[in-house]
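Biologist: Let's walk through this one together, one question at a time. Could you show me the structure before we start?

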Amino acid sequence: MDSALLRELARWWADINSSQFEGAMRPPSLCLDDTTRRLGAWKREERTLSLATRLVRDHPWTVVLEVLRHEMAHQYVDEVLGIHDETAHGPTFQAVCKARAIDGRAAGTLEIDEAHAAVMRRVTGLL
């Protein structure tokens, strides 16, 4: 099942890269992480974008995609803009998130209300 999830995440990564990041990034290694400490992470040294297994398996796909977009914003700031002298959620990251309507909070909630879920389903359908 993990390999199917990773294939689907790779497909979404490519779609989001094309539609929201102008195709500027190279595909990273995607992985699922058994951590309970975070929802996702971008690791420059390994070029790895990871999402928490519990996130992918236990939460709505719209939430998974929002975390994926958040981590892709980290990748964009790192690899495309080459900004390495700011904090992870610093001003450049926040500007990238704001320009693309990505949740730039360092710690997010997995709660999602039905109105937001409906909007996200429509947006996901458009992608």
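**Salt bridges and a helix pair**

Modeller: Keep in mind that this is a predicted model. Let's start with aspartate 103, which is partly exposed, with a relative accessible area of 26%.

Biologist: Okay, so which residue forms a salt bridge with aspartate 103?

Modeller: Look for a side chain whose nitrogen comes within 4 Å of a carboxyl oxygen. Here the closest N and O atoms are 2.5 Å apart, and the partner of aspartate 103 is arginine 105.

Biologist: Is arginine 105 buried, partly exposed or exposed?

Modeller: Buried means under 20% relative accessible area, and exposed means over 50%. Arginine 105 comes out at 45%, so it counts as partly exposed.

Biologist: Which residues are joined into one network by salt bridges that share partners?

Modeller: Think of bridges linked up through a partner they share. The residues that end up in one network this way are Glu8, Arg11 and Asp15.

Biologist: How many salt bridges does the structure hold?

Modeller: We've already met the one between arginine 105 and aspartate 103. Another joins the side chains of aspartate 33 and arginine 38, at 3.3 Å from N to O. Counted over the structure, the number of salt bridges is nine.

Biologist: Glutamate 22 and arginine 100 form one too. How many residues apart are they along the chain?

Modeller: In space, their closest N and O atoms are 3.4 Å apart. Along the chain, though, the pair links distant parts: glutamate 22 is in the loop between helix 1 and strand 1, while arginine 100 is in the loop between helix 4 and helix 5. The separation is 78 residues.

Biologist: Which of those two partners is buried?

Modeller: The cut-off for buried is under 20% relative accessible area. Glutamate 22 has 57%, so it counts as exposed. The partner with 14%, and therefore buried, is arginine 100.

Biologist: Now the helices. Are helix 3 and helix 4 parallel, perpendicular or oblique to each other?

Modeller: Helix 3 (residues 61-80) and helix 4 (residues 91-99) pack with their axes 10 Å apart, at an angle of about 125°. Angles of 65 to 115 degrees would be roughly perpendicular, and over 145 roughly antiparallel. The angle here therefore makes helix 3, relative to helix 4, oblique.

Biologist: And how many residues of that contact are nonpolar?

Modeller: Helix 3 brings His70, Ala73, His74, Tyr76 and Val77, and helix 4 brings Thr92, Phe93, Val96 and Cys97. None of these is charged and three are polar. The nonpolar ones number six.

Note on methods. Residues numbered from 1 in each chain as written. Predicted model: local features only at pLDDT ≥ 70, side-chain atom pairs only at ≥ 80, totals over all residues. Heavy atoms only, no water. Axes fitted to C-alpha atoms, helices over the stretch in contact; angles between N-to-C directions. Helix = DSSP H or I, 4+ residues; strand = E, 2+ residues; numbered from the N terminus. Parallel < 35°, antiparallel > 145°, perpendicular 65-115°, else oblique. Contact = heavy atoms within 4.5 Å. Nonpolar A, V, L, I, M, F, W, Y, C, P; charged D, E, K, R; others polar. Buried < 20%, exposed > 50% of the residue type's maximum accessible area, 1.4 Å probe, protein only.
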